[in-house]
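These notes are meant to be read slowly, with the sequence and the structure open side by side. Please look up each residue as it is named, and follow the points in order.

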Amino acid sequence: MANNLIQTDPAAGQFKRYACLAFSALLLAVPPASSDAQSSAPQDTVLHIEVRRIPLDIVVTDKNGNPVRGLKQEDFIIKEDKKTQKALSFDYFDGSSGAFVPPKLAPLPSNTFVDLPSQPERGPLYVLYYDMVNTPQTNQMETRKQLLDFVDHTQPGTRFALFANMAGLHLIQGFTSDHALLRNAILSKGPGPHIPNVFLDGNVYGYEDAGAVLSNLKFLADYLNGIPGRKNLLWLSSEFPIPVGPTVTGHNSNTGVSGGFSSSTLQLNDLSYLESQRIKETYSALVTSQVALYPVNLNGVVGGGDALANYDYENEIAAATGGHAYHGNDRIAELLDKAVENGASYYALTYSPTNTKYDGTERHIEVSLANKTTYTLSYRTLYYGVPDDEPKSTTHKSDVLQTRFLAAKAADNLFANIEHGAPLLYDLLFSAHVAAEGAPAMATPEQMLQLEDSPAYFRTRQRDKPQKPLAPVKLQKYVIGYGVIDSQLKSSAQHNGVPAVLEFAVAAYDADGRLLNSMLNEGMASPQSDPGAKSGALFHAEQELEVPPGAAWLRLAVRDKLNNRTGTLELPLPLKAEPTLPAMSKTN
């Protein structure tokens, strides 16, 4: 065996204490600090100074719509509320070049995986968000055909994730550059979340409901938070009932009628303080996660003044977030092609606002080019100065889980990388052999107690009502054998004389994306060589996870704590058939 990894902190192995994303129940749990620890800590006065950097992605095109390359930081003039801002960082991302080209691999043994893509990847991340609730049945069948046509011929290596809004928001396919996999997800009939041929209950699940749309967009932004770079959200819908800002009234405003916002009539009805806060929180989340909206209208060619008014409003939605709206074409696949091309290449800048008063007000951004007026610039035109510590309601179960998850995610990007469906990382190369050990066995009371904070089993605590223990379930033990194939770890350990410290995380999810159980182990890699080491693998480790019923996915991550280099894998369950290991009594 190659260099052994020695677990340095067994208590840290309970990754479930930290939490990961769960789609149906929203997110999981980070347990609060103990009251004893809080009471014993010194209560010093803390001066909170909020320093922010606003990410600003700018798409620059010429008169023919082609991306403009070669601009420099000094070419850009940034203003916020008419006041000039200083750019603090500058970069250019060219979507025409490959982001990652994997090496060729020999065939792998059964149930052995390596964190490498099947083909070169390119460009930023794209989310296909199919809003069936706001799409009439007459448009849905054709949209399905057009979506398949788009996937079949889109640029190879482009990474997509597919979400659908039906009876709730569902992840249909996580980020992948394998377009055959994406096509199969569109055609899938289940089990698990899938796109129906026709969704009939839009009126029941929030048709033209601004609050529901804002909630979905915020959820998507929160899901993408912690993943670096620009994300282009291609919003496929026939209606876009989202206000651009809390002060917008649109045309034919009728504030005396209860209801939501209708993009078809450009009415804003009953925009209460609560809705205003939701708008601010949603747009703030889009800024933080660097998400640009690309409304793609599924109505095809429609004439009349109402259609033109709708197009204008869709343009406003896109401009507010740095995207572009596409409409007025029966060929939806062509609109999607244009959206992908538009968002592929961009300049990425950041600045720290001179206005440091974060009171929730609108901030308006203007960007221009010095001495260059013939180019078109697309960028985020507004955001909200919402304070980071603004109190939020945590009354409901989903609020508790979401609040805890987002706090953990902000503190450590491992939580973004261990999410079901998140883009895979290849910064640290490793292999993993996964096997089921023995038959499922009934969980002990201690094991059931450990499951309580995962979203699938989490229950809100009620004051003065003691909770009953969870009913026991059968757990299947999985054994993961890691082989870390990374020469930088070896050279770093030998150069510094200090063992490399690695983290191994594994999480099990059900078909709906809810976290079932998870584990985090930490180990040190010795700088000495093992003469019996297998070819290619420098370090080996073994990890176990007890998985409850209903598991559909395992997500693995290995991270070098010194420099945050991370590799990730995601694999479907059940595993391919192979001889089952005999049950053994051992612990990590």
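1. A salt bridge here is a side-chain nitrogen of Lys or Arg within 4 Å of a carboxyl oxygen of Asp or Glu. With that in mind, find Asp149, Arg331 and Glu334, which are linked with one another in a network of salt bridges. In general, side chains of opposite charge can pair when their charged atoms come close. The structure holds 16 salt bridges, and a few of them are taken up again further down.

2. Before going into detail, please keep in mind that this is a predicted model, and that its confidence varies along the chain. The mean pLDDT of the protein chain is 80, and 77% of the residues reach 70 or more. Over residues 247-270, however, the pLDDT stays under 50, although the model has 51 contacts beyond four places in sequence for this stretch. A further stretch, residues 529-535, also has pLDDT below 50, and there the model shows eight contacts beyond near neighbours in sequence. I would ask you to read both stretches with care.

3. As for the overall make-up, the protein chain has 11 helices and 25 strands, and 51% of its 588 residues are buried. If one takes the contacts between residues at least 6 apart in sequence, 77% of them join residues at least 24 apart. The chain exposes about 27,000 Å², and 54% of this area is supplied by carbon and sulfur atoms.

4. One sheet is worth tracing by eye: four strands form an open sheet in the order E5-E15-E2-E17, and their pairing is antiparallel. Which strands stand at the edges of this sheet? They are strand E5 (87-93) and strand E17 (376-378), and each has a single partner strand, so one side of each is left without a neighbour in the sheet. From one strand to the next, the twist averages 25°. Within the sheet, strand E2 (residues 54-61) and strand E15 (residues 346-351) run antiparallel and are joined by five bridges; as an example, aspartate 57 has alanine 348 in E15 as its bridge partner.

5. Returning to the salt bridges, consider arginine 159 and glutamate 121, whose closest N and O atoms are 3.8 Å apart. This pair links distant parts of the chain, since arginine 159 belongs to strand E9 (residues 158-166) and glutamate 121 to strand E8 (residues 121-131), the two residues being 38 apart. Both arginine 159 and glutamate 121 are buried.

6. A second pair is aspartate 412 with arginine 559, whose side chains meet in a salt bridge at 2.7 Å, N to O. Aspartate 412 sits in the loop between helix H8 (397-411) and helix H9 (414-417), while arginine 559 is in strand E24 (residues 551-560), so the pair ties together parts that are 147 residues apart in sequence. Is each partner buried or partly exposed? Aspartate 412 has 23% relative accessibility and therefore counts as partly exposed, whereas arginine 559, at 7%, counts as buried, because buried means under 20% relative accessible area.

7. A third pair joins the side chains of arginine 565 and aspartate 560, again as a salt bridge, at 3.8 Å from N to O. Here arginine 565 and aspartate 560 are both buried.

8. Strand E24 also contains leucine 554, which is buried, with a relative accessible area of 0%. Leaving out residues up to four places away in sequence, leucine 554 touches several residues, among them Val434, Tyr478, Val506, Leu545 and Leu573. Its C-alpha lies 9.1 Å from that of aspartate 510, and leucine 554 and aspartate 510 are 44 residues apart in sequence.

9. Lastly, two helix residues may be set side by side. Threonine 143, in helix H2 (residues 137-153), is buried, with a relative accessible area of 2%, and beyond four places in sequence it touches Tyr130, Leu236 and Leu298. Leucine 181, in helix H3 (residues 179-187), is instead partly exposed, with a relative accessible area of 38%, and with the same exclusion of sequence neighbours it touches Gln173 and Thr176. The C-alpha atoms of leucine 181 and valine 151 are separated by 10.0 Å, these residues being 30 apart along the chain.

Conventions: Residues numbered from 1 in each chain as written. Heavy atoms only, no water. Buried < 20%, exposed > 50% of the residue type's maximum accessible area, 1.4 Å probe, protein only. Contact = heavy atoms within 4.5 Å. Areas by Shrake-Rupley, 256 points an atom, 1.4 Å probe, with all protein chains shown as cover. pLDDT = per-residue confidence, 0-100. Pairing = 2+ DSSP bridges. Axes fitted to C-alpha atoms, helices over the stretch in contact; angles between N-to-C directions.
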